[in-house]
Amino acid sequence: ETNFDRPRSIADVILHVTPGPLVVVGQITIEGQLGAFTPAQLIGRMSRKPGKPFDVGEAREDAGRMKNYLVRRDYRRAGVEYLGHTYEETSQRVALRYRAVVGPVVHVAVRGVPRRTVRRWLPLARNQEYSEDAIDRAADEMVHGLQQRGHFLATVDTESELQDNVWTTTFDVNPGPRFRLSSVAFSGNEKVTDRELHQLVETNPRRGVRRTL
C-alpha cells in the first residue's frame, strides 16, 4: 500500500508479503528416446533435483544442462525439452516433465589431406552441438585458410551419412597445387612510381599474396 505525504512530497510504501508454503521438486519424468542413457543419469545433471525448492526458470535451464551433458559425450544432435509441471497441493510438491531425444553419436572425418592439415578449422568443439551452419562455416574457413597458404584452387565438399547410430560428416578436401608469387607488376601508373605502389600493397614476392587487387 502507498501513503502519500503531499506537504513533504514523499510517499511511504508498505509491502505485505505472504510467502505461502515452500514448494519442492517431487517426481521427474523424462520421456522420449534415451538410447544408452537412463533417466537417473540425466536427472543427475539437473540443478533442482527432487527435494530441492522449485523454480520454474531453473526447471527450464535444467533442460539445457541435460542437453549439454549429452553433447559433451558426442551426442551433438540431442535435444531436451521442458514440457511443464504439475503442482500437488496436498504434498506441496511439483512433478516435472521433460522430453529427450538422444540421437546418434556425431563424428567428423577428413578425406584428401591429413587431418592435422585442417584441424584448426574443424567444427564441433567440446560443447558445440551439430548444425548445418557450423559445417558450412567450417568448409568455408578451410578453403580460405588453404588459399592463404597458396592453394588458391582449393575446394572442400561435405557429405554426411548415418550408420550404426553414428552420424559422420566427412570433409572432402582437395587443396590443389600450391602457387608461389614470383613478381608483381604495375601498368598505367603515370604519376606514381612502381616503388611507391609496392610500399602501399601487401602483395609482393616477400609477403606473399594476402590481399586480392
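In this predicted model, leucine 70 makes a handy starting point. Setting aside neighbours within four places in sequence, leucine 70 is in contact with Phe37, Leu42, Tyr75, Ala78, Val80 and Val102. Leucine 70 also belongs to the largest nonpolar core, a set of 23 residues. Along with Ile28, Ile30, Leu42, Leu96 and Tyr98, Leu70 is among the members that touch the most others in this core. Five elements, β3, α1, α2, β4 and β5, each give two or more residues to the core. Helix α2 supplies the largest share, with five residues. There is a second, separate core as well, made of 19 residues, and Leu122, Leu124, Ala139 and Val143 are included in it. As a general point, nonpolar side chains in soluble globular proteins tend to be buried together.

Two of the contacts of leucine 70, Phe37 and Tyr75, lead on to the aromatic rings. The structure has four aromatic pairs. One of them joins phenylalanine 37 to tyrosine 75 in an edge-to-face arrangement, with the centres 5.2 Å apart and 80 degrees between the planes. Phenylalanine 37 sits in the loop between β3 (24-33) and α1 (39-43), while tyrosine 75 sits in the loop between α2 (56-71) and β4 (79-88), so this pair ties together parts that lie 38 residues apart in sequence. Both phenylalanine 37 and tyrosine 75 are buried. Add Tyr69, and ring pairs link Phe37, Tyr69 and Tyr75 into a cluster.

Another pair brings together tyrosine 82 and tyrosine 98, this time tilted, at 5.4 Å centre to centre and with 55 degrees between the planes. Here, too, distant parts of the chain are linked: tyrosine 82 is in strand β4 and tyrosine 98 in strand β5 (residues 93-101), 16 residues apart. With a relative accessible area of 16%, tyrosine 82 is buried, and tyrosine 98 counts as buried at 0% relative accessibility.

Rings also meet charges. The charged end of arginine 6 sits over the ring of phenylalanine 4, 5.2 Å from the ring centre. Arginine 77, for its part, lies over the face of tryptophan 167, at 4.1 Å from the ring centre.

Back in helix α2, there is a charged residue to look at: glutamate 58. Is glutamate 58 buried or exposed? The cut-off for buried is under 20% relative accessible area. Glutamate 58 has 19% relative accessibility, so it counts as buried. Not counting residues up to four places away in sequence, glutamate 58 touches Ser47, Arg48 and Arg65.

Elsewhere, three strands make up an open sheet, ordered β6-β8-β7 and with mixed pairing. Strands β6 (105-111) and β7 (155-163) form the edges, each pairing on one side only. Neighbouring strands of the sheet are turned against each other by 20 degrees on average, direction ignored. Helix α4 (residues 132-148) packs on this sheet and touches β7 and β8, its direction making about 25 degrees with that of β8. Strands β6 and β8 (residues 166-174) run parallel and are joined by seven bridges. Which residue in β8 is the bridge partner of valine 105? That partner is valine 166.

Methods: Residues are numbered from 1 along each chain as its sequence is written. This is a predicted model: local features need pLDDT of at least 70, side-chain atom pairs count only at pLDDT 80 or more; totals for chains, interfaces and linings use all residues. Side-chain values use heavy atoms; hydrogens and water are left out. Two strands pair if DSSP finds at least two bridges between them. Helices (H or I, at least four residues) and strands (E, at least two) are DSSP runs, numbered from the N terminus. Axes are lines fitted to C-alpha atoms, for helices over the stretch in contact, and angles run from 0 to 180 degrees between N-to-C directions. Contact means heavy atoms within 4.5 Å. Rings of Phe, Tyr and Trp (its six-membered ring) pair if their centres lie within 6.5 Å; planes under 30 degrees apart count as stacked, over 60 as edge-to-face and the rest as tilted. Buried means under 20% relative accessible area, exposed over 50%, partly exposed in between (1.4 Å probe, protein chains only). A charge sits over a ring if NZ of Lys or CZ of Arg is within 6 Å of the ring centre and within 35 degrees of the ring normal. A nonpolar core is a set of buried Ala, Val, Leu, Ile, Met, Phe, Trp, Tyr and Cys residues joined through side-chain atoms within 4.5 Å.
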